[in-house]
Protein chains: 2
Amino acid sequence: MPEKVLVYSRFPKSLMQRIGDQFDLLDAGGRPPHEVFVKHELDQLRAMITQGSSLLNGEMMDRFPKLGAIVCYGTGYDGIDLQAASRRGIAVGHSPGANASSVADIAITLMLGAIRRLVVADGYVRSGDWAAAKPSPMMRAQQGIRGRKVGLYGMGAIGRKIAARVAAFEAEVAYFSRSRHDDLPYQYFPSLDALADWCSVLVIAVRAGPETHYIVNAGILKRLGEDGYVVNIARGSVIDEDALVAALKDKIIAGAGLDVYAKEPYPPGALTAFPNVVLTPHIGGHTLESHRAMQDCVIANLAAFFQGKPLPYAVV
Amino acid sequence: MPEKVLVYSRFPKSLMQRIGDQFDLLDAGGRPPHEVFVKHELDQLRAMITQGSSLLNGEMMDRFPKLGAIVCYGTGYDGIDLQAASRRGIAVGHSPGANASSVADIAITLMLGAIRRLVVADGYVRSGDWAAAKPSPMMRAQQGIRGRKVGLYGMGAIGRKIAARVAAFEAEVAYFSRSRHDDLPYQYFPSLDALADWCSVLVIAVRAGPETHYIVNAGILKRLGEDGYVVNIARGSVIDEDALVAALKDKIIAGAGLDVYAKEPYPPGALTAFPNVVLTPHIGGHTLESHRAMQDCVIANLAAFFQGKPLPYAVV
């Protein structure tokens, strides 16, 4: 008899297939579980799968009196109140590093896409404007990547992979993070301000939390300069989106590449109107190999939990 | 009195500004020069600037009895009949390597853009389909870059830069070119067939010419497999475009990223209808730093010629 596991967030069914082969999944489809399942079922529930960005506070945890494990699909766990979980003796797991290469790739895709105007260029060809030799201010040559100063905010598993990729493009790489990593060949800046002053491309790869909330604000954006770009593959909450919209509108910076937004799946309407931004629907980890690796972590965490063992991929 | 130089191909005016500061440019704007300028002017003409892909045969050269130098803006010179120029004692120059980094960047931009579906993803966000949770088969997870086998056809200045970038993405790199380069750490295949059998992403970075015409045909595309991609930043003539359209239509391959086309600026209409291709309007070398470097080569070639010296960047 397979163990019952609640699927708390909304996931495409295909992502739960392998996990569903081993566990009896109660899929709430992103709706409040107590509106979908009867109390008796939730009372017995011992484990759940969630997206790290889905809000999960102590009050919600209390609706599941036997809950012992919250297993995040992916690296992030910013939506989980870790203290509340800890107080209730609930273990929290995630999938560290499983999607790092795929997310790093999206960071580079967005950086290149924004700087080289890929979406505009593709539209210019498809619309027939190129064939008609129609002038397009958006197609004017920009400074490329070579020789650019690219600043990384955050230097975890994903940050390291982004840095290695950026360096291959003959760009300079520097970073700011909580701690300095002396094993890395990149220049370290002691503050985000100093990094933003130095770089023209700021790539956000930091773990989200209260201390990073809105930290990329109007002041940071201004430091990037009018040829500056911001790329965010971490969490939408790290950027003040109103400030970003204003900086793009007033040409304080040249463009942006975003995979994440403050309120997903609802990027600000003003943002979707800019031609000099590239927007992806939080698909950083969305590759076959990355999903497989994340599912492996979820399955390993759940299997260990039901065997009474510590989670192999616990949030530290 | 600045020397007169014919601008043979159609160039955006902005690209000729620095060159125009030093030479008296007669800009034909891509039209037949004898329809734009009086015979007397063309009779006196000693040098011209052209795009390497613009057709320039012996018959055309004979319209300029005093022509001594054909200076290509960019790396390529496939449109120039080199034998015809040689027989007439006309020197041919180009801008070797000047745009290599920018072109290599576009190759990676197209590879990532095609595999990670950047244009589709951006449209999915902007249209509101993401917010509406509208299902999209095109947004299904694909195999990403890590662990992929990427084959490079051609290993010149641009090929080397593409290879270095691809390797940073944790992909395997191999190549086929006329000659084996023992200084490189990548696997060499002795034929394009063997390379295409091995790889799932084929990046074309070969110098165009009669021997490469249509060499990427239906057979080569089929060898890439149904998860295969072809990226072309070299010249459109290297791919049989009809075969490419058929391979995309019949799902013989998964997608393509193209910066160049057989007849520019006219990509086949069928190609512009596919969502799984990314198309750019021959902007490989289109960055500020690359244009500056190409202009430096053009100016150096013209200055040397008018001083009676050999071209510093002669086509060898």
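Trainee: In which hand does α1(A) pass α12(A), right-handed or left-handed?

Mentor: Please keep in mind that this is a predicted model. In it, the crossing of α1(A) past α12(A) is right-handed. The residues that make this contact are Leu15(A), Arg18(A) and Ile19(A) on α1(A), together with His291(A), Gln295(A), Val298(A) and Ile299(A) on α12(A). By class, four residues of the contact are nonpolar, two are polar and one is charged.

Trainee: At what angle do helix α1 and helix α12 of chain A pack?

Mentor: The angle between helix α1 (residues 13–20) and helix α12 (residues 288–306) of chain A is about 45 degrees, and their axes are 10 Å apart. The angle therefore makes α1(A) oblique to α12(A).

Trainee: How should one read a sheet, and what is the order of the strands in the open sheet of chain B?

Mentor: In general, strands of a sheet pair through backbone hydrogen bonds, in either a parallel or an antiparallel manner. Here, seven strands of chain B form an open sheet with parallel pairing, in the order β8-β7-β6-β9-β10-β11-β12. Because β8 (187–188) and β12 (277–279) of chain B each have a single partner strand, one side of each lacks a neighbour in the sheet. Within the sheet, strands β6 (residues 149–153) and β9 (residues 201–204) of chain B run parallel and are joined by four bridges. Gly151(B) lies opposite Leu202(B) of β9(B).

Trainee: How many residues of chain B are in contact with chain A?

Mentor: There are 45 residues of chain B in contact with 45 residues of chain A. On the side of chain B that touches chain A, α6(B) gives the most, with eight residues. That side comprises 23 nonpolar, 14 polar and eight charged residues.

Methods: Residues are numbered from 1 along each chain as its sequence is written. Chains are lettered from A and ligands numbered from 1 in the order in which they are written. This is a predicted model: local features need pLDDT of at least 70, side-chain atom pairs count only at pLDDT 80 or more; totals for chains, interfaces and linings use all residues. Axes are lines fitted to C-alpha atoms, for helices over the stretch in contact, and angles run from 0 to 180 degrees between N-to-C directions. Helices (H or I, at least four residues) and strands (E, at least two) are DSSP runs, numbered from the N terminus. Angles under 35 degrees count as roughly parallel, over 145 as roughly antiparallel, 65 to 115 as roughly perpendicular and the rest as oblique. A crossing is left-handed if the near helix is turned anticlockwise from the far one by less than a right angle, and right-handed if clockwise. Two residues are in contact if their C-beta atoms, placed from the backbone, lie within 7 Å. Ala, Val, Leu, Ile, Met, Phe, Trp, Tyr, Cys and Pro count as nonpolar, Asp, Glu, Lys and Arg as charged, and the others, Gly among them, as polar. Two strands pair if DSSP finds at least two bridges between them.
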